[in-house]
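Subject: Structure for you to look at

Hello,

Here is the structure for your files. My notes on what was found in it follow below.

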Amino acid sequence: MNKKVLKWNFIFQYGYVITNMINSFVLLPFYIHYIDDVQLGLWWATGNILAWLTMSDPGIGDVLQQKIAVLFGKKDFDEVAKTIGSGLIAALCTLVIALIIGICFYFFLDEILNINTQKYHDLKLAFLISIISTGITLVTFALAGINQGLLRSKDVALSYISSNIIFFALNIILLQLGMGLLAIAFGNALRAIYLAVYNTIVIFKTSKKQSQIIVFRIGHFKTFIRIFSYTSLSKIIASISSSFDLIVLARFIPPQMITLFEINRRPIKMLQGLVGRYSVALMPGISHSVGQDKGLVKTNIAKQFNNYLILTFVFACLAILCYEQLIILWIDETKYGGNKIILLLVINFFFSLIGYFMSNMTYALGDIKNNSIINAVKGVILIICIPIGAKINGIEGVLVVTLISTILIEFLYFIFRLSSMGYFNFNKLNSIKWIKLTLVAVIALFSTHIIINASTIHSHFMILISKASIFLSFFFIGIIYLDGSCRSLVFKPRKNNSIN
């Protein structure tokens, strides 16, 4: 894989996620201060309805990235030009469809949420503005996918990171001007327009630089969209299921409890996005290498998964240890959801991330059809079972249902699928590595818990720092001691490049 492209892929994925995390952490207290809890809870519920608009996007950006990266690797520039043209047509189609669906949701918002939106100032106007910005955002996914396939990762990284900075600044200004929910809506709209303009300019500049003319052909477009018969169904179901929990919970628990749940799951969702982006950053390079050297691709996947697995263990354990102090320091102690909810969130986090890595690798290798079918199956199961879980045990019921479906479908299937494709071997050696990591994690958690309980530290900030420091020390000492590959990496002798 091209190291420069891979570097900018990591900068893009982690820069975007980190700026999102900063925005979420810093802006949420402002939202709570300037917007009352009930209105904010309803806004988050409508935000999940907006997420349904993504059902109009059949994953155009992901498909464009995979297809263009493979063609670009083969230097088939004529087909690249046609694929870009077809992708742009498809992106405009998604914009029109998203706006139509969004307007339908707008007129039936009261019935969907089972409330009278007239009681809440600016809720419907903010929702309408967000419909437009969501439609434009779907177009930016396709534009960014084209640029990723063309290995223009640097431009994609700069556009997304700078857009988050613009969003943050505009939110702060408008909230202090008393705009309330409209501050969030206008921030989203400006960010979407900025991304669309930036990435469009990059596409045409790149095509001009390579003396390529973007070709718009209906015949190629018809061939191109066939793959979406699978991805569109998967996206529709996934879009509904991923945002289904808050909407269902709104019918069984008070709006204040939705706010509490969202506050508690937001850090773990951001952390999941942070770790998960590791695998997303690998995808363009994996696709670009397909058909060139299968052995090298297999080696790269194994090496990167080893790093990814360690990261997943580390952050899962840190979440178990530090979540309560994080919530208390971030908001206050009354907003902590309780140990049972946090434990369920962390277990979901772990198995989702492993399945996500395997899923992304199969997608990058071109197994788009099977990937889409399995994600659709999981979505259907969640749509059926989430209302049952919510009715039986509220928030905890929803989390249990999500965990079971994640382990049985996403986690187990994609490990098996990548193995059957010949790019991953889950053999005895891998099993031993998993056992070692689990053993080290449990010992490090237990040791940290004993030391902290025996200490006289009372400051929540110092408890958080102490827990993280002690755990990381125990964990990495244990990994270096038990894992030969990690030990050789740490103690690998450096080459002497000095000139005598």
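Helix α13 (residues 294-330) has 37 residues, yet its end C-alpha atoms are only 47 Å apart. A straight helix at 1.5 Å a residue would reach 54 Å, where the expected span is 1.5 Å times one less than the number of residues. Helices here are DSSP runs of H or I with at least four residues, numbered from the N terminus. There is a kink of about 60 degrees in α13, centred on C322; the bend at a residue is the angle between axes fitted to the seven residues ending there and the seven starting there.

Before you go further, note that this is a predicted model, in which local features need pLDDT of at least 70, side-chain atom pairs count only at pLDDT 80 or more, and totals for chains, interfaces and linings use all residues. Residues are numbered from 1 along each chain as its sequence is written, and side-chain values use heavy atoms, with hydrogens and water left out.

Helix α12 gives another result. For its 35 residues a span of 51 Å is expected at 1.5 Å a residue, and the 49 Å between its end C-alpha atoms agrees with that. It still has a kink of about 35 degrees, centred on R277. Of the 35 residues of α12, 27 are buried, so this helix is largely enclosed by the rest of the structure. Buried means under 20% relative accessible area, exposed over 50%, and partly exposed in between (1.4 Å probe, protein chains only).

Both helices also appear in the next item, a pocket. The second largest pocket holds about 370 Å³ of space. Among its 16 lining residues, L271, F315, L318, C322 and L326 are the closest to its centre. The elements that give two or more residues to this lining are α1 (3-34), α12 (255-289), α13 and α17 (460-482). Helix α13 supplies the largest share of the lining, 6 residues. The lining consists of 16 nonpolar residues, with no polar and no charged ones. Nonpolar covers Ala, Val, Leu, Ile, Met, Phe, Trp, Tyr, Cys and Pro; charged covers Asp, Glu, Lys and Arg; the others, Gly among them, are polar.

(A pocket is an open set of points on a 1 Å grid over the protein atoms alone, where a 1.4 Å probe fits, with protein on both sides within 12 Å along at least five of seven lines; lining residues have an atom within 4 Å of a point. Points are joined across faces, edges and corners, and the volume is the space filled by probe spheres set on them.)

Two side-chain pairs are next. K378 lies in helix α15 (residues 368-420) and is buried, at 13% relative accessible area. Its side chain makes a polar contact with the side chain of E410 at 2.6 Å. T19, in helix α1, is buried at 15%, and its side chain makes a polar contact with that of N164 at 2.7 Å. A polar contact is a pair of N or O atoms within 3.5 Å; within protein, one must be able to donate a hydrogen and the other to accept it, and residues adjacent in sequence count only if both atoms are side-chain atoms.

Lastly, a loop residue. L151 is found between α6 (123-149) and α7 (153-176) and is partly exposed, at 22%. Although not a glycine, L151 has a positive phi of about 65 degrees. Most residues other than glycine have a negative phi.

Regards
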